[in-house]
Amino acid sequence: MAATATGIHHRSYSSELRLRATRAEYVRLGLLTLLLLLLPFILDNYWLSQANLILIAVIGAVGLNILVGYTGQISLGQGGFLAVGAYSSAILSDRMGLPTPIAILLAVLLTAAVGTFFGLPGLRLKGLYLAIATLASQMIIEFVIRRWDWLTLGQGYLNIDRLDVFGFQIGGRAVFEQQWYWILLVLASLSVITARNLFRTGLGRSFMAVRDQDIAAEAIGVNIPRAKLMAFAISSGFVGLAGALTAHYSEVLSWEKFTLDVSILYLAMIIVGGLGSIAGAVYGAIFMTLLPELIRQLSLGLGDSVPFIADQLPAVRNAVFGLVIILFLILEPRGLDRIWHRIKDYFGFWPFRY
Amino acid sequence: MSTFINQLAYGLADGSILALAALGFVLIYKATGVINFAQGEFLLVGAYMFYTAFVVLNLPLVLAVVFGLVVATLIGVLVERLILRPMVGENPISIIMVTIGLSSLLNALVQAFYGTSPRRQPNILPRGSVDILGATVPINRLAAIAIAAVVLTAFTLFFRKSRHGIAMRAVADDQQAAMTMGISVRRIFALAWALAAVSALIAGVLVGDISAVDQNIAAFGLLVFPVVILGGLDSVPGTIIGGLTIGLLKQFTAGYLDPGLATVIPYIVLVLILLVRPYGIFGETRIERV
């Protein structure tokens, strides 16, 4: 636990229940908000597109962390669930002619339902077995998308019209990224706030009880099947939203965007960020989305002296990706979130060591 | 009838290679409790190591085999020592993730050094075909079945008869009890990873010889999961039954129904088994107490 939370004397229940207690925390929140509001005016189109990808990843990573980090149910089916959200939203809005917001909402519900279905083995299994069960769900969903011609009009590719919300249309190249940034910022913020508050409710607490010791949780009256399935449903709902947004943002869907590698990428996000931490999911999404870009920049810089790195860029990227996961798990299993807390503590206690 | 026999031979060949790959997986799980998602990459690395020795370094076949075995053992021991040892006591999610990270790393290393294009190597298994009840069956498939059978028998005998094999079974049964009997659990962990790498090497070389040495070998390794779930995660005979069943199922689906469906049918079976009998045919049911 962060040491900054100590030394605060609560005088009422409402003050104890607050998410932020000290002035420094409010100041940080204010600065962060200001930064987020200014970003589209600072960044150029390319970096703004990276920001948009991060915001989508934040929603997906927060969703996955609800399942893996808070409920302790590992899922390798993230890519498949993203695909369910993406394809169902695309089909509902483009082919069935539903208004996009309603299509997205239905896609979220549908993904939640599919996620719950594949969560059913989780009632009897946990840990390794569940990981393998969700791996199978990934393979099966991927197969359905590639092969079900009616669904994806063959080959698993789908084009999507430009986003159109009740007459308001996203503009062309110049403003495209910026308009999307505002939409995604609102949705990502809402997702983070919802998830953060979920764990202050009885349901959210029961998720953590399942993670920490499921049999003991059952003994004190937690409804385990309900908690497990709800965790799958809520988590998949978030993932479905991320998938639907991917679809409308990228305007072209192909099954390659939702392979097992994507599932692993998202798991890497929450591992690197910190399992069981909403802030960690956000840090992880930022880190893992920017990592390929960082490596690219680095290889451009090193291109002359170490041509090997520039020549083998995709391989180097995967190697670094694997290495980052391994190193984080061995050196700092609680991820960037923990590192951030340690930095804060260091300055809080300065000049003392502890 | 002749198509049936043909399918049977192909399915059994695939199945026995799968059983070999799954054997390594089960060894690691039994001895150390680790689910190794990098088993497919062990096949991949093994196949490329053998390729390097046999084709690039131009060693004679026997030396190439020895080289492959030495490197595989070394990789297995190193992986255990450097990556899995620090993870002892972590939760299953982290341990699964660390092997996934390992698979990504190994895959990338192979890709960096050898590229993505498939490599041909001179045939090791005899070519040509024989006539069985009117069906022409390629000899290399039969040879693969034979080799896999020999290796699997050797491993089974090793567990039954040798000191180390018995020690491994003791560790799998109860680590603390094994320690009190003077068994070095660390050494057994290293041994499990080394043996897993060796069985993966043999499987990898067989796949490489039947098709080609390329990245798809790692994808073949993913099929290990349906196999071990069917047979039971901690059962050596289970891997053989599971491997052959999945191999045949895949081949018959491809032959009689739809080749595309064959890629996904093992996973559908996997889900069904998990729903009906989560611990597989021979798996041990774990009872948990708080």
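Reader: Is Glu251(A) buried or exposed?
Author: In this predicted model, Glu251(A) has a relative accessible area of 15%. The cut-off for buried is under 20%, so Glu251(A) counts as buried.

Reader: Which residue meets the side chain of Glu251(A) in a salt bridge?
Author: Glu251(A) sits in the loop between α10 and β4 (252–253) of chain A, and its partner sits in the loop between β1 (158–159) and β2 (164–165) of chain A. The two are 89 residues apart in sequence, so the pair ties together separate parts of the chain. The N to O distance is 3.0 Å, and the partner is Arg162(A).

Reader: How does Arg162(A) count in terms of accessibility, buried, exposed or partly exposed?
Author: Its relative accessibility is 32%. Partly exposed covers the values between 20% and 50%, so Arg162(A) is partly exposed.

Reader: Which residue forms a salt bridge with Arg211(A), and how does that residue count in accessibility?
Author: The closest N and O atoms of Arg211(A) and Asp212(A) are 3.1 Å apart. Arg211(A) is partly exposed at 32% relative accessibility. The partner is at 54%, and exposed means over 50%. The residue is Asp212(A), and it counts as exposed.

Reader: Are Arg85(B) and Glu80(B) buried or exposed?
Author: The side chains of Arg85(B) and Glu80(B) meet in a salt bridge at 3.0 Å, N to O. Both residues are buried.

Reader: How many salt bridges does the rule find across the interface of chain A and chain B, and which residues form a bridge between the chains?
Author: Over all chains the count comes to seven salt bridges. Across the interface of chain A and chain B the rule finds one. Its closest N and O atoms are 2.8 Å apart, and the residues are Arg147(A) and Asp258(B).

Reader: Which three residues supply 18% of the area that chain A buries against chain B?
Author: The contact takes 43 residues from chain A and 43 residues from chain B. The two chains bury about 3800 Å² between them, 81% of it on carbon and sulfur atoms. No other three residues of chain A supply more of its buried area than Leu128(A), Tyr129(A) and Ile132(A).

Reader: What type of aromatic pair do Trp180(A) and Tyr249(A) form?
Author: The count comes to 22 aromatic pairs over all chains. For Trp180(A) and Tyr249(A) the centres are 5.5 Å apart and the planes are at 80°. Planes over 60 degrees apart count as edge-to-face, so the pair is edge-to-face.

Reader: Which helices does the pair of Trp180(A) and Tyr249(A) link?
Author: Trp180(A) is buried at 1% relative accessible area, and Tyr249(A) is buried at 10%. The two residues are 69 residues apart, in distant parts of the chain. The helices are α8 (residues 173–198) and α10 (residues 224–250) of chain A.

Reader: Why do Phe4(B) and Phe252(B) tie together separate parts of chain B, and what type of pair are they?
Author: Phe4(B) lies in helix α1 (residues 2–32) and Phe252(B) in helix α11 (residues 236–257) of chain B, so the pair ties together parts 248 residues apart in sequence. Phe4(B) is partly exposed at 35% relative accessibility. The ring centres are 5.5 Å apart and the planes are at 10°, so the pair is stacked.

Reader: Which residue lies over the face of Trp255(A)?
Author: The distance to the ring centre is 3.9 Å. The residue is Arg146(A).

Reader: How far apart are the end C-alpha atoms of residues 219–249 of chain B?
Author: UniProt, in an unreviewed entry, lists residues 219–249 of chain B among its "transmembrane region" spans. In the model this span is 84% helix and 0% strand. The end C-alpha atoms are 18 Å apart.

Reader: How much of residues 229–249 of chain A is helix?
Author: These residues are one of the spans that UniProt lists as "transmembrane region" in an unreviewed entry for chain A. The end C-alpha atoms lie 30 Å apart, strand is 0%, and helix is 100%.

Reader: Which residues does Gly77(A) touch, not counting residues up to four places away in sequence?
Author: Gly77(A) lies in the loop between α3 (45–70) and α4 (78–95) of chain A. Its relative accessible area is 0%, so Gly77(A) is buried. The residues touched are Thr134(A), Ser137(A), Gln138(A) and Ser263(A).

Terms used
Residues are numbered from 1 along each chain as its sequence is written. Chains are lettered from A and ligands numbered from 1 in the order in which they are written. This is a predicted model: local features need pLDDT of at least 70, side-chain atom pairs count only at pLDDT 80 or more; totals for chains, interfaces and linings use all residues. Side-chain values use heavy atoms; hydrogens and water are left out. Rings of Phe, Tyr and Trp (its six-membered ring) pair if their centres lie within 6.5 Å; planes under 30 degrees apart count as stacked, over 60 as edge-to-face and the rest as tilted. Helices (H or I, at least four residues) and strands (E, at least two) are DSSP runs, numbered from the N terminus. Buried means under 20% relative accessible area, exposed over 50%, partly exposed in between (1.4 Å probe, protein chains only). A charge sits over a ring if NZ of Lys or CZ of Arg is within 6 Å of the ring centre and within 35 degrees of the ring normal. UniProt positions are given in the numbering used here, feature names are shortened, and annotations may be inferred rather than shown by experiment. Contact means heavy atoms within 4.5 Å. Buried area is the accessible area (1.4 Å probe) that two parts lose on being put together, summed over both. A salt bridge is a side-chain nitrogen of Lys or Arg within 4 Å of a carboxyl oxygen of Asp or Glu.
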